[in-house]
Amino acid sequence: MPDGRLTRQDRQRIAAGLAEGRSYAEIARRLDRPTSTISREVGRNGGPSDYRPERAHQAAARRARRGTPARSPGPQDRTVLEVEEGAVELAVGMGLPKMVARVLIGLWLSEDGRLTAAELSHGLNVSPASISMAVGYLTQQGLIRRERDPQRRRDIYVVDDDAWYHSTVITARQTLAAAEITKAAGQALGLDTPVGRRLARGGTFLERISLDALASAERWRDLPP
(Lines give C-alpha, C1' and ligand atoms only; values in the text may rest on other atoms or scores of the structure.)
Protein backbone atom coordinates (compact mmCIF):
# COMPACT_ATOMS: atom_id res chain seq x y z
CA MET A 1 0.00 0.00 0.00
CA PRO A 2 1.50 3.42 -0.92
CA ASP A 3 1.63 6.25 1.59
CA GLY A 4 -1.42 8.48 1.95
CA ARG A 5 -0.16 11.32 -0.22
CA LEU A 6 -1.51 11.38 -3.77
CA THR A 7 0.94 12.18 -6.54
CA ARG A 8 0.34 14.21 -9.67
CA GLN A 9 0.16 10.95 -11.63
CA ASP A 10 -2.41 9.59 -9.17
CA ARG A 11 -4.59 12.62 -9.74
CA GLN A 12 -4.28 12.30 -13.49
CA ARG A 13 -5.42 8.69 -13.22
CA ILE A 14 -8.34 9.75 -11.02
CA ALA A 15 -9.39 12.29 -13.66
CA ALA A 16 -9.07 9.65 -16.39
CA GLY A 17 -11.21 7.25 -14.37
CA LEU A 18 -13.91 9.89 -13.84
CA ALA A 19 -13.87 10.71 -17.55
CA GLU A 20 -14.44 7.03 -18.30
CA GLY A 21 -17.40 7.02 -15.90
CA ARG A 22 -15.75 4.68 -13.39
CA SER A 23 -16.96 4.53 -9.80
CA TYR A 24 -14.81 5.64 -6.88
CA ALA A 25 -14.36 1.99 -5.91
CA GLU A 26 -13.03 1.10 -9.37
CA ILE A 27 -10.62 4.03 -9.36
CA ALA A 28 -9.47 3.18 -5.85
CA ARG A 29 -8.69 -0.41 -6.84
CA ARG A 30 -6.62 0.81 -9.78
CA LEU A 31 -4.58 3.07 -7.50
CA ASP A 32 -4.44 0.60 -4.60
CA ARG A 33 -6.06 3.20 -2.34
CA PRO A 34 -9.08 3.20 -0.04
CA THR A 35 -12.31 4.28 -1.69
CA SER A 36 -12.66 6.98 0.98
CA THR A 37 -9.40 8.54 -0.22
CA ILE A 38 -10.77 8.90 -3.74
CA SER A 39 -14.17 10.24 -2.65
CA ARG A 40 -12.51 12.76 -0.32
CA GLU A 41 -10.04 13.87 -3.01
CA VAL A 42 -12.78 14.36 -5.60
CA GLY A 43 -15.24 15.91 -3.17
CA ARG A 44 -12.89 18.66 -2.02
CA ASN A 45 -11.71 19.47 -5.55
CA GLY A 46 -14.85 20.28 -7.47
CA GLY A 47 -16.70 16.97 -7.41
CA PRO A 48 -16.81 14.36 -10.22
CA SER A 49 -18.11 16.87 -12.76
CA ASP A 50 -15.43 19.51 -12.16
CA TYR A 51 -12.34 17.62 -10.97
CA ARG A 52 -9.10 18.92 -12.51
CA PRO A 53 -5.93 16.98 -11.62
CA GLU A 54 -3.47 19.86 -11.94
CA ARG A 55 -5.68 22.22 -9.98
CA ALA A 56 -6.18 19.57 -7.30
CA HIS A 57 -2.43 18.94 -7.10
CA GLN A 58 -1.69 22.64 -6.71
CA ALA A 59 -4.33 22.95 -3.99
CA ALA A 60 -2.76 20.01 -2.13
CA ALA A 61 0.66 21.66 -2.39
CA ARG A 62 -0.70 24.89 -0.94
CA ARG A 63 -2.29 23.01 1.96
CA ALA A 64 0.97 21.20 2.63
CA ARG A 65 2.90 24.50 2.71
CA ARG A 66 0.39 25.96 5.16
CA GLY A 67 0.53 22.82 7.23
CA THR A 68 -3.25 22.73 7.55
CA PRO A 69 -5.33 19.61 7.05
CA ALA A 70 -7.55 19.34 4.00
CA ARG A 71 -11.21 20.00 4.55
CA SER A 72 -13.31 16.91 4.15
CA PRO A 73 -16.47 17.21 2.11
CA GLY A 74 -19.47 18.20 4.18
CA PRO A 75 -22.59 16.04 4.58
CA GLN A 76 -24.33 17.77 1.68
CA ASP A 77 -21.31 17.29 -0.60
CA ARG A 78 -21.11 13.61 0.28
CA THR A 79 -24.82 13.18 -0.30
CA VAL A 80 -24.62 14.72 -3.77
CA LEU A 81 -21.61 12.59 -4.67
CA GLU A 82 -23.32 9.42 -3.46
CA VAL A 83 -26.55 10.25 -5.30
CA GLU A 84 -24.67 11.03 -8.53
CA GLU A 85 -22.55 7.89 -8.43
CA GLY A 86 -25.48 5.66 -7.52
CA ALA A 87 -27.71 7.16 -10.21
CA VAL A 88 -25.07 6.68 -12.91
CA GLU A 89 -24.52 3.07 -11.92
CA LEU A 90 -28.30 2.47 -11.92
CA ALA A 91 -28.69 4.02 -15.38
CA VAL A 92 -25.83 1.90 -16.73
CA GLY A 93 -27.44 -1.19 -15.21
CA MET A 94 -30.63 -0.33 -17.08
CA GLY A 95 -28.75 -0.34 -20.39
CA LEU A 96 -27.54 3.21 -20.96
CA PRO A 97 -23.94 3.62 -22.16
CA LYS A 98 -21.83 5.05 -19.34
CA MET A 99 -21.15 8.41 -21.00
CA VAL A 100 -24.83 8.81 -21.86
CA ALA A 101 -25.70 8.02 -18.24
CA ARG A 102 -23.21 10.60 -16.94
CA VAL A 103 -24.65 13.32 -19.18
CA LEU A 104 -28.23 12.48 -18.21
CA ILE A 105 -27.51 12.41 -14.47
CA GLY A 106 -25.41 15.55 -14.77
CA LEU A 107 -28.42 17.34 -16.21
CA TRP A 108 -30.81 15.88 -13.65
CA LEU A 109 -28.63 17.06 -10.77
CA SER A 110 -27.87 20.51 -12.18
CA GLU A 111 -29.56 23.43 -10.46
CA ASP A 112 -32.19 24.21 -13.10
CA GLY A 113 -31.83 21.21 -15.42
CA ARG A 114 -30.32 23.32 -18.20
CA LEU A 115 -26.73 23.06 -19.48
CA THR A 116 -24.94 23.89 -22.71
CA ALA A 117 -22.71 21.41 -24.51
CA ALA A 118 -19.68 23.42 -23.38
CA GLU A 119 -20.82 23.29 -19.75
CA LEU A 120 -21.35 19.54 -19.98
CA SER A 121 -17.97 19.03 -21.62
CA HIS A 122 -16.22 21.13 -18.96
CA GLY A 123 -18.17 19.65 -16.06
CA LEU A 124 -17.61 16.03 -17.07
CA ASN A 125 -14.08 16.65 -18.34
CA VAL A 126 -14.75 14.94 -21.66
CA SER A 127 -14.46 15.93 -25.31
CA PRO A 128 -17.23 17.85 -27.15
CA ALA A 129 -17.57 14.84 -29.46
CA SER A 130 -18.50 12.62 -26.50
CA ILE A 131 -21.11 15.14 -25.39
CA SER A 132 -22.52 15.38 -28.93
CA MET A 133 -22.96 11.60 -29.11
CA ALA A 134 -24.62 11.44 -25.69
CA VAL A 135 -27.05 14.32 -26.16
CA GLY A 136 -27.98 13.01 -29.60
CA TYR A 137 -29.00 9.68 -28.07
CA LEU A 138 -30.83 11.28 -25.13
CA THR A 139 -32.71 13.69 -27.39
CA GLN A 140 -33.77 10.86 -29.68
CA GLN A 141 -35.12 8.91 -26.70
CA GLY A 142 -37.02 11.92 -25.37
CA LEU A 143 -35.07 12.03 -22.11
CA ILE A 144 -33.85 15.57 -22.77
CA ARG A 145 -34.77 18.31 -25.22
CA ARG A 146 -32.74 20.88 -27.11
CA GLU A 147 -33.38 24.61 -26.99
CA ARG A 148 -31.66 27.20 -29.15
CA ASP A 149 -30.19 30.35 -27.63
CA PRO A 150 -30.44 32.75 -30.60
CA GLN A 151 -28.48 35.54 -28.92
CA ARG A 152 -25.40 33.45 -28.19
CA ARG A 153 -25.95 30.97 -31.04
CA ARG A 154 -25.67 27.87 -28.92
CA ASP A 155 -27.80 24.89 -27.97
CA ILE A 156 -29.04 24.38 -24.43
CA TYR A 157 -29.97 20.88 -23.28
CA VAL A 158 -32.88 20.66 -20.90
CA VAL A 159 -34.37 17.98 -18.68
CA ASP A 160 -37.77 18.89 -17.25
CA ASP A 161 -40.84 17.43 -15.56
CA ASP A 162 -42.12 15.94 -18.84
CA ALA A 163 -38.91 14.03 -19.61
CA TRP A 164 -40.15 10.64 -18.42
CA TYR A 165 -43.50 11.16 -20.14
CA HIS A 166 -41.89 11.85 -23.51
CA SER A 167 -39.45 8.98 -23.11
CA THR A 168 -42.25 6.56 -22.21
CA VAL A 169 -44.36 7.64 -25.18
CA ILE A 170 -41.47 7.31 -27.63
CA THR A 171 -40.58 3.84 -26.35
CA ALA A 172 -44.21 2.70 -26.40
CA ARG A 173 -44.70 3.92 -29.96
CA GLN A 174 -41.55 2.13 -31.08
CA THR A 175 -42.83 -1.04 -29.43
CA LEU A 176 -46.22 -0.60 -31.09
CA ALA A 177 -44.55 -0.29 -34.50
CA ALA A 178 -42.60 -3.49 -33.81
CA ALA A 179 -45.83 -5.20 -32.78
CA GLU A 180 -47.54 -4.31 -36.05
CA ILE A 181 -44.63 -5.63 -38.09
CA THR A 182 -44.51 -8.84 -36.05
CA LYS A 183 -48.26 -9.45 -36.37
CA ALA A 184 -48.15 -8.83 -40.12
CA ALA A 185 -45.27 -11.28 -40.48
CA GLY A 186 -47.20 -13.90 -38.55
CA GLN A 187 -50.26 -13.47 -40.73
CA ALA A 188 -48.14 -13.61 -43.90
CA LEU A 189 -46.60 -16.90 -42.83
CA GLY A 190 -49.98 -18.27 -41.83
CA LEU A 191 -51.61 -18.68 -38.46
CA ASP A 192 -51.85 -22.39 -39.17
CA THR A 193 -48.04 -22.69 -38.96
CA PRO A 194 -45.97 -22.77 -35.73
CA VAL A 195 -43.87 -19.79 -36.80
CA GLY A 196 -46.87 -17.75 -37.90
CA ARG A 197 -48.70 -18.38 -34.63
CA ARG A 198 -45.60 -17.55 -32.59
CA LEU A 199 -45.10 -14.24 -34.36
CA ALA A 200 -48.78 -13.30 -34.23
CA ARG A 201 -48.99 -14.09 -30.52
CA GLY A 202 -45.84 -12.10 -29.78
CA GLY A 203 -47.06 -9.16 -31.84
CA THR A 204 -50.40 -9.12 -30.04
CA PHE A 205 -48.65 -9.13 -26.67
CA LEU A 206 -46.40 -6.22 -27.65
CA GLU A 207 -49.40 -4.33 -29.02
CA ARG A 208 -51.38 -4.65 -25.79
CA ILE A 209 -48.58 -3.61 -23.44
CA SER A 210 -47.58 -0.65 -25.63
CA LEU A 211 -51.17 0.60 -25.79
CA ASP A 212 -51.43 0.21 -22.01
CA ALA A 213 -48.20 2.18 -21.59
CA LEU A 214 -49.47 5.02 -23.80
CA ALA A 215 -52.76 5.20 -21.90
CA SER A 216 -50.99 5.11 -18.55
CA ALA A 217 -48.57 7.87 -19.59
CA GLU A 218 -51.46 10.15 -20.47
CA ARG A 219 -53.31 9.27 -17.27
CA TRP A 220 -50.43 10.04 -14.95
CA ARG A 221 -48.67 12.81 -16.88
CA ASP A 222 -49.71 15.56 -14.44
CA LEU A 223 -49.14 13.51 -11.29
CA PRO A 224 -48.02 15.87 -8.48
CA PRO A 225 -44.72 15.21 -6.65
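Contact means heavy atoms within 4.5 Å. This model is predicted: local features need pLDDT of at least 70, side-chain atom pairs count only at pLDDT 80 or more, and totals for chains, interfaces and linings use all residues. Residues are numbered from 1 along each chain as its sequence is written, and side-chain values use heavy atoms, without hydrogens and water.

Q: Which residues in helix 1 meet helix 3?
A: Helices (H or I, at least four residues) and strands (E, at least two) are DSSP runs numbered from the N terminus. Helix 1 covers residues 8–19 and helix 3 covers residues 35–43. Helix 3 brings I38, E41 and V42 to the contact, and what they meet in helix 1 is R11, I14 and L18.

Q: At what angle do helix 1 and helix 3 pack?
A: Axes are lines fitted to C-alpha atoms, for helices over the stretch in contact, and angles run from 0 to 180 degrees between N-to-C directions. The axes of helix 1 and helix 3 lie 12 Å apart, and the helices pack at an angle of about 85°.

Q: How many residues of the contact of helix 1 with helix 3 are nonpolar?
A: Ala, Val, Leu, Ile, Met, Phe, Trp, Tyr, Cys and Pro count as nonpolar, Asp, Glu, Lys and Arg as charged, and the others, Gly among them, as polar. The contact has 2 charged residues and no polar ones. The nonpolar residues number 4.

Q: In what order do the strands form the sheet?
A: Two strands pair if DSSP finds at least two bridges between them. The sheet is open, has 3 strands and is antiparallel in its pairing. Strand 1 (114–116) and strand 2 (145–149) each have a single partner strand, so both stand at the edges with one side left without a neighbour in the sheet. From one strand to the next the twist averages 35°, and the order is 1-3-2.

Q: Which residue in strand 3 is the bridge partner of E147?
A: Strand 2 and strand 3 (residues 154–158) run antiparallel and are joined by 5 bridges. R148 stands opposite D155. For E147, the partner in strand 3 is I156.

Q: Which residue in strand 3 stands opposite L115?
A: Strand 1 and strand 3 run antiparallel, with 3 bridges joining them. Opposite L115 stands Y157.

Q: Which residue takes a positive phi in the hairpin of strand 2 and strand 3?
A: Between these strands the hairpin has 4 residues. The phi in question is near 55°, and it belongs to R153.

Q: Which residues of helix 7 are buried?
A: Buried means under 20% relative accessible area, exposed over 50%, and partly exposed in between (1.4 Å probe, protein chains only). Helix 7 (residues 117–124) packs on the sheet, touching strand 1 and strand 3. The cover over its buried residues includes helix 1, helix 6, strand 1, helix 8 and strand 3. Those buried residues are L120, S121, G123 and L124.

Q: Which element gives the largest share of the largest nonpolar core?
A: A nonpolar core is a set of buried Ala, Val, Leu, Ile, Met, Phe, Trp, Tyr and Cys residues joined through side-chain atoms within 4.5 Å. The largest has 23 residues, and V103, L107 and I131 are among those with the most contacts inside it. Two or more residues each come from helix 5 (75–93), helix 6 (98–108), helix 7 and helix 8 (128–140). The largest share, 7 residues, comes from helix 6.

Q: Is V83 buried or partly exposed?
A: V83 lies in helix 5. With a relative accessible area of 43%, V83 is partly exposed.
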